Amino acid sequence: MTPHSTAWLAIAGCTATLALAPAAHANPNDFPDRTVTITVPFPAGGTTDILARLLAAELGSIWDESVIVENKGGASGTIYSEQLTREAPDGYHMMLTATHHVINPSLYDNLRYDTREDFTPIALVAAVPNVLVAHPSFEVDSVAELIEYAKANPGEVNFGSAGIGGANHLSGELFKSMADVDMVHIPYKGAAPALNDLLGGQIPIMFDSVPGVLPHIETGKLKALAVTSAERSDALPDVPTIAEAGLPGFEATAWFGMYAPPNMNPQLSAAINDAVRQALQAPKIQEQLNKLGAQAGTMPQPEYAEFVINEIDKWEDVINDAGITLEQ
């Protein structure tokens, strides 16, 4: 090898090292010094998008830098998720997404990324409990009675959902597994038609978000049997959790979290987590969360990272047990 080629390789090696340095050694004390982008991998207007825009405004105030929101929807959030894995882990490109992120790896066998390894979990933004509701004509008034009825009538209790593989569907599958009952899932093309059939008595029960069914519970058009969260909902303080009502350890919530590309500096991910948790206490965000019946995330970054892995494992077991598959 000539001295010239050796020198060229040395320069190339130094250049590659310098190119990696900002991402690998991003200094949290200097972050941010330019615009930060939070991408929502769904179309504009949904709950994830609303939360992202509220959060972006508050983070912009905290950091004194612009924080913008982009929408890049497609394939249940997986298209942009793949793109994020190729960004630099410097905090300037992050994603705010929903529970789909931890469910998708078990539903699809052709994802072009590893959900466990290819992201840095940043922060839990919010969690929204579902509620198990029944039509007033259905002859059960509690979780214990539902389990007893389903055991006595295997395959005869239908439960509706907004579609296959969603959080509401999987709440039902987790319930079936933990209660060891045979109930039949009826998928609809969206929450609204499922709710309409529940209100009309065509299906007896459904797992749905608290805000979606709260008005019907208050008017007596539906009866609430239990909420799916680990703690009671502030919106339904007299309604027990499923864990309280007969299935200890049951928990299934729709939740929204932030992620960054893999291999982010732990100090930087912790600093962003701190800023997100501070922003979530802003009155505008608290007001919106109250409307959703949601609770703001409070987990430090390491705890959230562990929570994400636990959720992937939990839904993988549920999906495999139920034999649910989807083609992308």
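The following exercises, each with a worked solution, concern the predicted model shown above.

Residues are numbered from 1 along each chain as its sequence is written. In this predicted model, local features need pLDDT of at least 70, side-chain atom pairs count only at pLDDT 80 or more, and totals for chains, interfaces and linings use all residues, while side-chain values use heavy atoms, with hydrogens and water left out.

**Exercise 1. Overall description**

State how many helices and strands the protein has, and what percentage of its residues is buried.

Solution. The secondary structure comprises 12 helices and 10 strands; these are DSSP runs numbered from the N terminus, helices being H or I with at least four residues and strands E with at least two. Of the 328 residues, 50% are buried, where buried means under 20% relative accessible area, exposed over 50% and partly exposed in between (1.4 Å probe, protein chains only). Along the principal axes, the C-alpha atoms fill a box of roughly 85 × 45 × 30 Å.

**Exercise 2. The surroundings of α4**

Determine whether helix α4 is largely enclosed, and describe its packing against helix α12.

Solution. Begin with burial: 6 of the 8 residues of α4 are buried, so the helix is largely enclosed by the rest of the structure. The buried residues are His101, Val102, Ile103, Asn104, Ser106 and Leu107. Their cover includes α3 (78–84), β3 (93–97), α6 (167–179), β9 (253–260) and α12.

Next, take the geometry. Helix α4 (residues 100–107) packs on helix α12 (residues 301–322) at an angle of about 40°, and the axes are 8 Å apart. Axes are lines fitted to C-alpha atoms, for helices over the stretch in contact, and angles run from 0 to 180 degrees between N-to-C directions. The angle therefore makes α4 oblique to α12; under 35 degrees counts as roughly parallel, over 145 as roughly antiparallel, 65 to 115 as roughly perpendicular and the rest as oblique.

Finally, list the contact (heavy atoms within 4.5 Å). Helix α4 contributes Val102, Ile103, Pro105, Ser106 and Leu107, and α12 contributes Val308, Glu311, Ile312, Trp315, Glu316 and Ile319.

**Exercise 3. A second helix pair**

Establish how α2 and α11 are oriented to each other, and which residues make their contact.

Solution. The axes of α2 and helix α11 (residues 283–292) come within 10 Å and cross at roughly 165°. The two helices are therefore roughly antiparallel. On α2 the contact is made by Thr47, Ile50, Leu51, Leu54, Leu55 and Glu58; on α11, by Lys284, Ile285, Gln288, Leu289 and Leu292.

**Exercise 4. Aromatic rings**

Classify the pair formed by Phe159 and Phe207, and locate its members in the secondary structure.

Solution. The whole structure holds 12 aromatic pairs. Rings of Phe, Tyr and Trp (its six-membered ring) pair if their centres lie within 6.5 Å; planes under 30 degrees apart count as stacked, over 60 as edge-to-face and the rest as tilted. For Phe159 and Phe207 the centres are 6.4 Å apart and the planes make 85°, giving an edge-to-face pair. Phe159 lies in strand β5 (residues 157–161) and Phe207 in strand β7 (residues 205–209), so the pair ties together parts 48 residues apart in sequence. Both Phe159 and Phe207 are buried. Elsewhere, Tyr113, Phe119, Trp255, Tyr259, Tyr304 and Phe307 form one aromatic cluster.

**Exercise 5. Phe42**

Decide whether Phe42 is buried or exposed, and identify its contacts.

Solution. Phe42 lies in the loop between β1 (36–40) and α2 (47–63). Its relative accessible area is 14%, so Phe42 is buried. Leaving aside residues up to four places away in sequence, Phe42 touches Thr48, Asn71, Lys72, Gly73, Ser76, Gly77, Thr97, Ala98 and His100.
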